[in-house]
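Notebook open, structure loaded. I am going through a few spots one by one and jotting down what I find.

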Amino acid sequence: MEMEKRFKVHVYSEGELPIVHDGPCKDIYTIEGRFIHEMEHGAKRFKTRDPRRAHVYFMPFSVTWMVKYLYKPLTYDHTAMKQFVADYVRVVSSKYPFWNRTQGADHFMLSCHDWGPHASHGNPFLYNTSIRVLCNANSSEGFSPRKDVSLPEIHLYGGNVPPKLISPPPATSPRPYLAFFSGGLHGPIRPILLDHWKGRDPDLQVYEYLPKDLDYYSFMLRSKFCLCPSGHEVASPRIVEAIYAECVPVILSDHYVLPFSDVLRWEAFAIQVNVSEIPRLKEVLISVPEERYRRLKEGLRAIRKHFVLNRPAKRFDVFHMILHSIWLRRLNLRLV
């Protein structure tokens, strides 16, 4: 409520389409484009055109579009993205006094692309001082929960929640499978999961790639737990999909700072399992008492609204949760 009354964001007008003032809205990086669009064209309560009234300053460039338009495929060379970011910071810092006043500490960028952290290396103060809102919230790779914001990864095919996940079945509906996972074999954790459980136990439906005659979301809706292992990077859209399906997320990750953990108690609606415990995963899940499982399901229903993308944004939805996380970090900053 205090944020709604006070918080003001100034969006820089510098930069040209498509890399600035736009972003993806219909793929695995949906949250990146949708936040930029809401901040640019909605959010009247929070946006100010007068930068002197702003508490924070948003640099509305899209790392996903940088990768699309600037990156040379298969080179793994991030130089062009870093240079774009360096140039953007140079423009706003030379044109306005606000960046130099705090060395960028009251400025923020937002990226859901895996390479968002690499792009932020384009300016050392952006990397070390500014608020970086990132899906790739890996505390072992420079993500600092004190100043950075963990962004949930939300995969909206065609820009919409899959129809099967809009209204999950009643809580009394049977869920015959203990757990479910299907996904590509990449990163260090998934090979361990598939090595121990792929095709090993009918209670744990674990696949690398789901056969074409089987439906991914139907498995989620018929499973008590949805396994969410990290891939190459820590974030996974499965977590939000599991929340939508009221399938208790099982977080299998190292160094992942979970979204909105300033205010959400993840232990009330999800389970975190150490990677070392994967060989005894079934034992861990079976040991969850029925009463605790019931409370976890209730927790999922309670927090679902905080992970929903609305157009236009609605109070307490994911857009407002992101802004609230930025607001909390701005409160820690004392301007001289």
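**Entry 1: the loop after α4.** I started with Pro-97, which sits in the loop between α4 and α5 (98–102). This is a predicted model, so I keep that in mind for everything below. Is Pro-97 buried or exposed? I get a relative accessible area of 53%, and since the cut-off for exposed is over 50%, Pro-97 is exposed. I also looked up Arg-52: it is 45 residues from Pro-97 in sequence, yet the two C-alpha atoms are 9.8 Å apart in space.

**Entry 2: Ser-93.** Next I stepped back into helix α4 (residues 79–95), where Ser-93 is found. Its relative accessibility is 17%, so I log Ser-93 as buried. What does its side chain reach at 2.7 Å? I find the backbone oxygen of Val-89 there. A second backbone oxygen, that of Arg-90, lies 3.2 Å from a polar atom of the Ser-93 side chain. Leaving out residues up to four places away in sequence, I note that Ser-93 touches Trp-99 and Asn-100.

**Entry 3: the sheet.** I then traced the strands. Five of them form an open sheet, in the order β1-β2-β3-β4-β5, with parallel pairing. Which strands stand at the edges? They are β1 (9–11) and β5 (149–150); each has a single partner strand, so one side of each has no neighbour in the sheet. Helix α2 (residues 30–41) packs on this sheet and touches β1, β2 and β3 (107–111). I read its direction as about 140 degrees from that of β3.

I zoomed in on the first pair of strands. β1 and strand β2 (residues 56–58) pair in the parallel sense over three bridges. Within that pairing, Val-9 stands opposite Val-56 in β2. As a reminder to myself, strands of a sheet pair through backbone hydrogen bonds, either parallel or antiparallel.

Which helix lies across β1, β2, β3, β4 (131–134) and β5? That is α14, running at about 155 degrees to β4.

**Entry 4: Asp-148.** I checked the loop between β4 and β5, which is the place of Asp-148. Its relative accessibility comes out at 0%, so Asp-148 goes down as buried. A polar contact of 2.7 Å joins its side chain to that of Lys-147. Farther along the sequence, beyond four places, I list Ser-130, Ile-131, Arg-132, Gly-142, Phe-143 and Arg-329 as residues that Asp-148 touches.

**Entry 5: the core.** How many residues are in the largest nonpolar core? I get 115, and the ones with the most contacts inside it are Leu-193, Phe-225, Leu-227, Ile-322, Leu-323 and Ile-326. Helix α14 (residues 318–331) gives the most to this core, with seven residues.

I picked Leu-193 for a contact list. Not counting residues up to four places away in sequence, Leu-193 touches Phe-181, Lys-198, Val-206, Leu-227, Pro-229, Leu-252, Ile-278 and Leu-281. Leu-227 is thus on this list, and it is also among the core residues with the most contacts.

**Entry 6: salt bridges.** My search of the whole structure turned up 22 salt bridges. Side chains of opposite charge can pair when their charged atoms come close. I opened a few.

Arg-6 bridges to Glu-2, with the closest N and O atoms 2.2 Å apart. Both lie in helix α1 (residues 2–6), four residues apart, about one turn of the helix. Glu-2 has a relative accessible area of 35%, so I call it partly exposed.

Lys-224 and Glu-290 meet in a salt bridge at 3.8 Å, N to O. This pair links distant parts of the chain: Lys-224 is in strand β8 (residues 223–229), Glu-290 is in helix α13 (residues 290–303), and 66 residues separate them. Glu-290 has 54% relative accessibility, so it counts as exposed.

Staying in helix α13, I looked at Arg-294 and Glu-291, three residues apart, about one turn of the helix. Their closest N and O atoms are 2.2 Å apart in a salt bridge. How accessible are the two partners? Arg-294 is partly exposed at 38%, and Glu-291 is partly exposed at 39%. Which residues are linked in a network with them? I find Glu-291, Arg-294, Arg-295 and Glu-298 joined in a network of salt bridges.

Definitions and conventions
Residues numbered from 1 in each chain as written. Predicted model: local features only at pLDDT ≥ 70, side-chain atom pairs only at ≥ 80, totals over all residues. Heavy atoms only, no water. Salt bridge = Lys/Arg side-chain N within 4 Å of Asp/Glu carboxyl O. Helix = DSSP H or I, 4+ residues; strand = E, 2+ residues; numbered from the N terminus. Buried < 20%, exposed > 50% of the residue type's maximum accessible area, 1.4 Å probe, protein only. Core = buried A, V, L, I, M, F, W, Y, C linked by side-chain atoms within 4.5 Å. Contact = heavy atoms within 4.5 Å. Polar contact = N/O pair within 3.5 Å; in protein donor to acceptor, adjacent residues only side chain to side chain. Pairing = 2+ DSSP bridges. Axes fitted to C-alpha atoms, helices over the stretch in contact; angles between N-to-C directions.
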